[in-house]
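Let's walk through this predicted model together, starting at the ligand and then moving into the sheet. Keep the 3D view open as you read.

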Amino acid sequence: VPTVPIYGIPFSKMSMDETVSYLTEAIEQKRQTHVITANPIMVMSAVESQDYYKMMRKAELIVPDGAGVVWAANYVGTPVTERVTGFDLLHRLMQEGEKRRWTAYLLGTSQEVIEAAAEKLQLQYPQVRIVGYRDGYFGPDQDAEVVEAIRQAAPDLLFVARGAETQEPWIAKYKKQLGVPFIMGVGGSFDIVAG
Ligand code: UDP
């Protein structure tokens, strides 16, 4: 993947279409990819925290989510193609999943919101089986139980909405155990989907 470094973070230069093709192939081959849709706040977290920086560098793909990142890449003379947001990528991969009969697991937000989001996504993408969902308000003492439930459900896609400070380190910590091909933090996307 062609990248441009911003504060040492390698941002993908792929367009949205190229990103979707790249991920589709990875998912079909069960090659695990943790996608971070990084905005300037996350870049600043990486600048300020060595742990956050190291965590980000473990992600297989970092895409520019935010006009500030696109601007910065342009400014350093190696432009990225366009914004690739978590919300758009969620929908593009669900569309791809319709054709390929993928399964999905949704993790995060409140019980009420995640239930509504699961129902809406299932209606919109009937061929993508939602094999499980749960809320995002649990502590580290419940991590093992949550990871096991997802592992058992064995989805192709895992979307996690718990806020950038929590979701990305959580994914990085458990991705090997989860064994899910595609994992992405989607921040506030389920709130939007649920309406
Ligand atoms: N969230 C969650 N568990 C938490 C914290 C947040 O499930 O411990 C959810 C919250 O309900 C919201 C989403 O994560 O739907 C994004 O949260 P927020 O906007 O606070 O985080 P940000 O994206 O601003 O980092």
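A good place to begin is the ligand, which is surrounded by 15 residues, with T109, G136, G163, A164 and G187 the closest of them. Two elements give two or more residues to this shell: α8, covering 164-178, and α9, covering 189-194. The largest share comes from α8, which supplies three residues. If you think in terms of chemistry, the shell around the ligand divides into eight polar, four nonpolar and three charged residues.

From α8 it is a short step to the strands, since β7, α8 and β8 together make a right-handed β-α-β unit. Let's look at β7 in more detail.

How many of the five residues of strand β7 are buried? Five of the five, across residues 157-161, so the strand is largely enclosed by the rest of the structure. A residue counts as buried here when 20 or more other C-beta atoms lie within 10 Å of its own. The side chains of β7 are split between two directions: L157, F159 and A161 point one way, while L158 and V160 point the other way, and all are buried.

Now for the neighbours of β7. Strands of a sheet pair through backbone hydrogen bonds, and they can do so in a parallel or an antiparallel manner. Strand β5, residues 103-108, runs parallel to β7 and is joined to it by five bridges. You can find one of these contacts by looking for G108, whose bridge partner in β7 is A161. Strand β8, residues 182-185, also runs parallel to β7, and four bridges join the two. Here L157 stands opposite F182 of β8, and L158 has I183 of β8 as its bridge partner.

Zooming out, which strands form the open sheet, and in what order? There are six, arranged as β4-β3-β8-β7-β5-β6, with parallel pairing. At the edges stand β4 (61-64) and β6 (129-134); each has a single partner strand, so one side of each is left without a neighbour in the sheet. On average, neighbouring strands of this sheet are turned by 20 degrees against each other, direction ignored.

To put the pieces together, follow β7 once more in the viewer: β7 sits between β8 and β5 in the strand order, and β7 forms the right-handed unit with α8 and β8. That same α8 gives the most residues to the shell around the ligand.

How values were computed
Residues are numbered from 1 along each chain as its sequence is written. This is a predicted model: local features need pLDDT of at least 70, side-chain atom pairs count only at pLDDT 80 or more; totals for chains, interfaces and linings use all residues. A residue is near a molecule or strand if its C-beta atom, placed from the backbone, lies within 6 Å of it. Ala, Val, Leu, Ile, Met, Phe, Trp, Tyr, Cys and Pro count as nonpolar, Asp, Glu, Lys and Arg as charged, and the others, Gly among them, as polar. A residue is buried if 20 or more other C-beta atoms lie within 10 Å of its own, exposed if 12 or fewer, and partly exposed in between; C-beta atoms are placed from the backbone. Two strands pair if DSSP finds at least two bridges between them. A crossover is right-handed if, with the strands pointing away from the viewer, the path from the first strand over the helix to the second runs clockwise. Axes are lines fitted to C-alpha atoms, for helices over the stretch in contact, and angles run from 0 to 180 degrees between N-to-C directions.
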